[in-house]
Amino acid sequence: MGNSQKIKWGIVGLGNIAQQFASELQLIDSAELCAVASRSIDKAQDFANKFKCSKAYGSYDELFQDENVDILYIATPHDSHAELTIKALQNNKNVLCEKPLALHYGDVVKMITTAKKYNKFFMEAFWTRFNPSIRETLQHIQNGSIGEVKYVNADFSIKFENPDNTRMTDIELGGGALMDIGVYPLFLAYLILGIPKEILAKSNFYSTGADTQTSIILQYEGAQAVLHSSFLYTCNVEATISGTKGRINLDPLWFMTESYSLTQGDQKTKFERPTLGKGYTYEIEECHACLKANKTESELWSHQNSLELAAIVEEVKNKIGLVYS
Ligand SMILES: NC(=O)c1ccc[n+]([C@@H]2O[C@H](COP(=O)([O-])OP(=O)(O)OC[C@H]3O[C@@H](n4cnc5c(N)ncnc54)[C@H](OP(=O)(O)O)[C@@H]3O)[C@@H](O)[C@H]2O)c1
């Protein structure tokens, strides 16, 4: 893939996040949306018209067979990520798949094994990893600016209207606060502190069996993370990382933040880091960089990172008694 060539994207499943992603593709000069697929040809055609995309398919399989696309973005509910990603890889497509990669750890293993077998680029769309403030936060920590990290506190609780009518409460689609939004606080704790020694977690549940609120403590040698997620009410959606010499506060909404502060003693320094678009642009650019360098995974959010995070999520599921078929 030459450096001057545009990367041709295809999108599978044309819901809410697909719309946002397609808008952000338009902000990247080296990206072209060349095909979209829905279970409905009318919906695909409307989406294609809106985003000036030349090809619309009324089934996902047709897009998997399109020889013209470089990379597919899987934007369906979590329950179908594994099956669709594996099919796409088997059709020799590179894949960016929405988070969480799958409902079960074993399926994440299968997805990564298939990517390796077909030697294709594959990444979980954990866009927060590429957010400029998050990247700088890691640099501050590595530089020792806040000393030894002892505590990570993050919440992702945003009220969803009409929970009865969303995939959020649909257990068949992998609904629940943990899998949809609770993975973000877990991601942050994992990014900073790694794999915990012990996990404590408690949830309350919707009538469907999907968790409505989940609180988690991750226990590390000499450090702890306290994490929370819910879709029944709105919290501050902030994150704080505290160390022996200072702390970093990621401003709301921390998972897509445009600013943060570094406090050392009495001195607080504020950093404004506006994002290009909402920030999906950075994961798109990471995919482009990897494809142009013939890499099959990102060094910033690797297969191993996805596997380790999925293992943590699996243990939280077991602790709270969350069951998906
Ligand atoms: N990175 C982020 O910031 C972010 C934000 C929101 C969501 N997400 C992730 O993106 C995924 C999709 O979320 P979303 O909010 O975009 O969901 P959504 O609005 O419900 O859209 C999902 C799309 O998937 C397709 N689909 C395939 N099988 C389906 C089924 N059985 N039921 C319903 N839809 C089905 C549909 O597209 P067609 O009708 O066109 O086939 C639907 O429009 C989830 O895994 C979620 O975790 C990520």
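# Exercises on a predicted model

P100 sits in the loop that connects β5 (94–97) to α5. The structure is a predicted model, and the exercises below begin at this loop.

**Exercise: the peptide bonds**

Task. Find the cis peptide bonds from K99 to P100 and between P252 and L253, and state where P100 and L253 lie.

Solution. Start with the background: most peptide bonds are trans. Next, look at the bond from K99 to P100, where omega is near -15° and the bond is cis. P100 belongs to the loop between β5 and α5. Then go to P252 and L253, which are joined by a cis bond with omega of about -20°. L253 is in the loop between β12 (247–250) and β13 (259–264).

**Exercise: positive phi**

Task. What sign does phi have at N162, and in which hairpin does G209 lie?

Solution. Most residues other than glycine have a negative phi. N162 is not a glycine, yet its phi is positive, at about 45°. N162 is located in the loop between β7 (149–157) and α7 (177–193). G209 also takes a positive phi, near 100°, and lies in the hairpin of β8 and β9. Five residues stand between the strands of that hairpin.

**Exercise: the sheet of six strands**

Task. Give the strand order of the open sheet of six strands, and say which strands form its edges.

Solution. Read the strands across the sheet: β3-β2-β1-β4-β5-β6, paired in parallel. The two ends of this order are β3 (55–57) and β6 (122–124), the edge strands, each pairing on one side only. Direction ignored, neighbouring strands here are turned by 20° against each other on average.

Now take one pair within the sheet. β2 (residues 31–37) runs parallel to β3, and three bridges join them. A35 has K55 in β3 as its bridge partner. Last, add a helix: α1 (residues 16–25) packs on the sheet and touches β1 (7–12), β2 and β4 (71–74). The direction of α1 makes about 170° with that of β1.

**Exercise: the sheet of eight strands**

Task. Is the pairing in the open sheet of eight strands parallel, antiparallel or mixed, and which helix packs on that sheet?

Solution. The order is β8-β9-β10-β7-β11-β12-β13-β14, and the pairing is mixed. At the edges are β8 and β14 (267–272), each of which pairs on one side only. The average turn between neighbouring strands is 10°, direction ignored.

Two pairs can be followed from the edge at β8. β8 (residues 198–205) and β9 (residues 211–220) run antiparallel and are joined by eight bridges. In this pair, A201 stands opposite I216 in β9. β9 in turn pairs with β10 (residues 223–230), again antiparallel, over eight bridges. S215 has H228 in β10 as its bridge partner. The helix on this sheet is α9, which touches β8 and β9 and makes about 55° with the direction of β8.

**Exercise: two helix pairs**

Task. Are α1 and α8 roughly parallel, antiparallel or perpendicular to each other, and how does α5 run relative to α9?

Solution. For the first pair, the axes of α1 and α8 (residues 280–292) come within 9 Å and cross at roughly 65°. Angles of 65 to 115 degrees count as roughly perpendicular, so α1 and α8 are roughly perpendicular to each other. Their crossing is right-handed. Q20, F21, E24 and L25 of α1 make the contact with Y280, T281 and I284 of α8. By class, four of these residues are nonpolar, two polar and one charged.

For the second pair, the axes of α5 (residues 105–118) and α9 (residues 303–320) come within 9 Å and cross at roughly 170°. An angle over 145 degrees counts as roughly antiparallel, so α5 is roughly antiparallel to α9. The crossing of α5 and α9 is left-handed. On the α5 side, the contact has Y105, V108, V109 and I112; on the α9 side, it has H303, S306, L307, A310, A311 and E314. These residues divide into seven nonpolar, two polar and one charged.

**Exercise: the whole chain**

Task. How many helices and strands does the protein have, and what is its radius of gyration?

Solution. There are nine helices and 14 strands. The radius of gyration is 20 Å, close to the 20 Å that the globule rule gives for 325 residues, so the protein is as compact as a globular protein of that length. Along the principal axes, the C-alpha atoms fill a box of roughly 55 × 50 × 35 Å.

How values were computed. Residues are numbered from 1 along each chain as its sequence is written. This is a predicted model: local features need pLDDT of at least 70, side-chain atom pairs count only at pLDDT 80 or more; totals for chains, interfaces and linings use all residues. Two strands pair if DSSP finds at least two bridges between them. Helices (H or I, at least four residues) and strands (E, at least two) are DSSP runs, numbered from the N terminus. Axes are lines fitted to C-alpha atoms, for helices over the stretch in contact, and angles run from 0 to 180 degrees between N-to-C directions. Two residues are in contact if their C-beta atoms, placed from the backbone, lie within 7 Å. Angles under 35 degrees count as roughly parallel, over 145 as roughly antiparallel, 65 to 115 as roughly perpendicular and the rest as oblique. A crossing is left-handed if the near helix is turned anticlockwise from the far one by less than a right angle, and right-handed if clockwise. Ala, Val, Leu, Ile, Met, Phe, Trp, Tyr, Cys and Pro count as nonpolar, Asp, Glu, Lys and Arg as charged, and the others, Gly among them, as polar. The radius of gyration is taken over C-alpha atoms; the globule rule is 2.2 Å times the number of residues to the power 0.38.
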